[in-house]
Amino acid sequence: MPMRHVDPMASAPLEGGECVARIPGEAGIWVLILGEMSVFGLLFATFLFYRSKAAAQFAASQALLDRNIGMANTLLLLTSSWFVAGAIQALRRDLTTIGRGCLAAAFACGAGFVSLKAIEYSEKFSAGITIAGDDFFMYYFVLTGIHLLHVLIGLGVLAFAAMISVRGVANTGRMRVIEGGAAFWHMVDLLWIVLFPLLYFLR
Amino acid sequence: MKAILGGLATPIWLLLVAATAASWLLGTEQLFGVTAEAVRASGISVLLLAFAKVRLVVRYFMEVRHAPLMLKLILDGWIVIVCGTLLGLYLGT
Amino acid sequence: MSGRSQRLCVWLSLLFVVFFGLGLILPGFLPPTDPSAGAGEVAAMYRTHTQAMRLGFLLLQASSALTALFVAVVSVQLKRIEGAHSPYAYVQMIAGGCGVLVLLIPSTLWIAAAFRPERDPQLILLLNDLAWLLLTPTFACFCIQATAIGLAVLSDTRPDPVFPRWAGYLNLWVAVLSLPAGLIAFFRTGPFAWNGLISFWMVAIIFFAWLITMVVLLLKAIGQQEAGQSTGSPAVTGSA
């Protein structure tokens, strides 16, 4: 296993304290994370801009959304982030089994999100609502679809992180990669935190 | 195990869930009434709550609390700019 | 070794930007034609600006061939990372090569439309549609190309890497970002159509920012190669 660099301050416990300021994960991954956040910011703004031109039609279509599934999905992602945070804490303390277990649990939550999303989409399709329906549903499918893509990528990242979480990983450069992956997953969570009320609640 | 559960992750998660429940109530229960202004107020509250939640995730889950000032500023900047823009667009309806 | 041939390729490939820009501006394709426009409107466009269009489309063809130079140098540098067995370098080259076609074919279709503009408007509309929609394969080809670069860069374990690590993440980001280009198949209006804010403008701006960044990084990597700083054994590859 290549040792890229050993970070003596690899520990930055969640409870805060005497740690030196450090970038979570590698500096490079923030290019990806900030970039994606900016793109989604643009997508959110685009949605609201076009909504302002057809508020009534958007509201009518919005009423057809299934808020229960949306809510369940929100809770799943929040919980998965909790698990990921726990995994990082465990891996820092070399509690590899617990760490991988937490990553697996987070993966399961994410898989749950994907399943519920599939159910939600098929509900829409069988009701005759598709991406080429009205403008509201165009945004609904495109925004949730692009987000879903990120969830799928995130699942891959979590699986990869679990794979490279071996004994003693806390003191290697690999830990930075795992932290970066965790940050990516939290990004997926926070994007949904904005997207859910934006699509389902804003009237 | 205690080290993991004893950290801030769990209280933050509880806070996030509570905020989500609050959003639900604001978004569905017409807490402020049924007038146009009331609906508008609900919308604003829902948006603000969402970005408050985002900040919690960024600071505590992503551990940006321990990050260099530059990263903190950039992320807070994103929160302020996006939230502000969305509020502006929403109110301009 | 002298990086002169590589530098030549990189600098020449910058002409792509010039030719591509002119190639879009001359025919009046910046902003792109309206996907919801009818046959009459589109045919009229080809009949009124015929010569400017023919010239512009020729420039687009030239620009597409120039991208090959850039793609080649990227693979040379990726090969430095991977060594003798370099799947990422080859994937990049193949996907990048397809990228050449993805621009070459539409510009030829546009030339066909401008060649006999007195044709049935429906046929002109078809040629125009075909050409613009041929930009959809970009999402697949470019995505794979950028992913290959990203993964290769991130697998570089030497202390003085060929490309900085953030460049690996940048390429992965750009790869994901190119996927919305596929949405143009679904919409004739709005931000996700081929002239839309997201599917065209955002993707185009990010693509050019990426291209310029990669050119700068390539020149640096070539300099590093000439200085012989990175003599890491080709056997030291990525994941252990």
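This briefing covers chain A, the contacts between chains, the salt bridges, the cysteines and two individual residues. The model is predicted. Chain A has six helices and zero strands. Of the two pairs of chains that touch, chains A and B share the most contacts. Nine salt bridges occur over all chains, while the disulfide count is zero.

**Chain A: elements and extent**

- Read from the N terminus, chain A runs α-α-α-α-α-α.
- The C-alpha trace of chain A spans about 55 × 30 × 30 Å along its principal axes.
- Chain A has 203 residues, and 60% of them count as buried.
- Take the contacts in chain A with a separation of 6 or more: 81% of these link residues 24 or more positions apart.

**Chain A: surface and charge**

- Chain A exposes about 6,900 Å².
- Carbon and sulfur atoms supply 68% of that exposed area.
- Chain A carries 14 positive and 13 negative side chains.
- The centres of these two sets of charges in chain A lie 1 Å apart.

**How the chains meet**

- Two pairs of chains touch, and the pair with the most contacts is A and B.
- Chain B and chain C do not touch.
- The nearest C-alpha atoms of chains B and C are 15 Å apart.

**A salt bridge between chains A and B**

- The side chains of Glu63(B) and Arg92(A) form a salt bridge, at 2.9 Å from N to O.
- Glu63(B) sits in the loop between α3 (36-61) and α4 (69-91) of chain B, and Arg92(A) sits in helix α3 (residues 67-92) of chain A, so this pair joins two chains.
- Glu63(B) has 7% relative accessibility and counts as buried.
- Arg92(A) is buried too, with a relative accessible area of 9%.

**Salt bridges within a chain**

- In chain A, the side chains of Glu120(A) and Lys117(A) meet in a salt bridge, at 3.8 Å from N to O.
- Glu120(A) and Lys117(A) are three residues apart in helix α4 (residues 96-126) of chain A, so about one helical turn separates them.
- Glu120(A) and Lys117(A) are both buried.
- In chain C, Asp156(C) and Arg158(C) pair through their side chains in a salt bridge, at 3.1 Å from N to O.
- Asp156(C) and Arg158(C) are both buried.
- Some salt bridges share partners, and these join Arg22(A), Arg92(A), Glu179(A) and Glu63(B) into one network.

**Cysteines in chain C**

- There are zero disulfides over all chains.
- Cys98(C) is in no disulfide, and the nearest cysteine sulfur, in Cys141(C), is 4.5 Å away.
- A disulfide needs the two sulfur atoms within 2.5 Å.
- Cys98(C) counts as partly exposed, at 32% relative accessibility.
- For Cys143(C), the closest cysteine sulfur is also that of Cys141(C), but at 9.8 Å this is too far for a bond.
- Cys143(C) counts as buried, at 15% relative accessibility.

**Thr46(A): a residue facing chain C**

- Thr46(A) lies in helix α1 (residues 29-51) of chain A.
- Thr46(A) is buried, with a relative accessible area of 5%.
- Leaving out residues up to four places away in sequence, Thr46(A) touches Tyr139(A) in its own chain.
- On the same count, Thr46(A) touches Pro191(C), Leu197(C) and Ile198(C) in chain C.

**Phe207(C): a residue of helix α9**

- Phe207(C) is placed in helix α9 (residues 197-226) of chain C.
- Phe207(C) is partly exposed, with a relative accessible area of 25%.
- Phe207(C) touches Phe16(C) and Phe142(C), once residues up to four places away in sequence are set aside.
- Phe207(C) and Asp160(C) are 47 residues apart along the chain, and their C-alpha atoms are separated by 27 Å.

Definitions and conventions
Residues numbered from 1 in each chain as written. Chains lettered and ligands numbered in written order. Predicted model: local features only at pLDDT ≥ 70, side-chain atom pairs only at ≥ 80, totals over all residues. Heavy atoms only, no water. Helix = DSSP H or I, 4+ residues; strand = E, 2+ residues; numbered from the N terminus. Buried < 20%, exposed > 50% of the residue type's maximum accessible area, 1.4 Å probe, protein only. Contact = heavy atoms within 4.5 Å. Areas by Shrake-Rupley, 256 points an atom, 1.4 Å probe, with all protein chains shown as cover. Lys, Arg positive; Asp, Glu negative; His and termini not counted. Charge placed at Lys NZ, Arg CZ, Asp CG, Glu CD. Salt bridge = Lys/Arg side-chain N within 4 Å of Asp/Glu carboxyl O.
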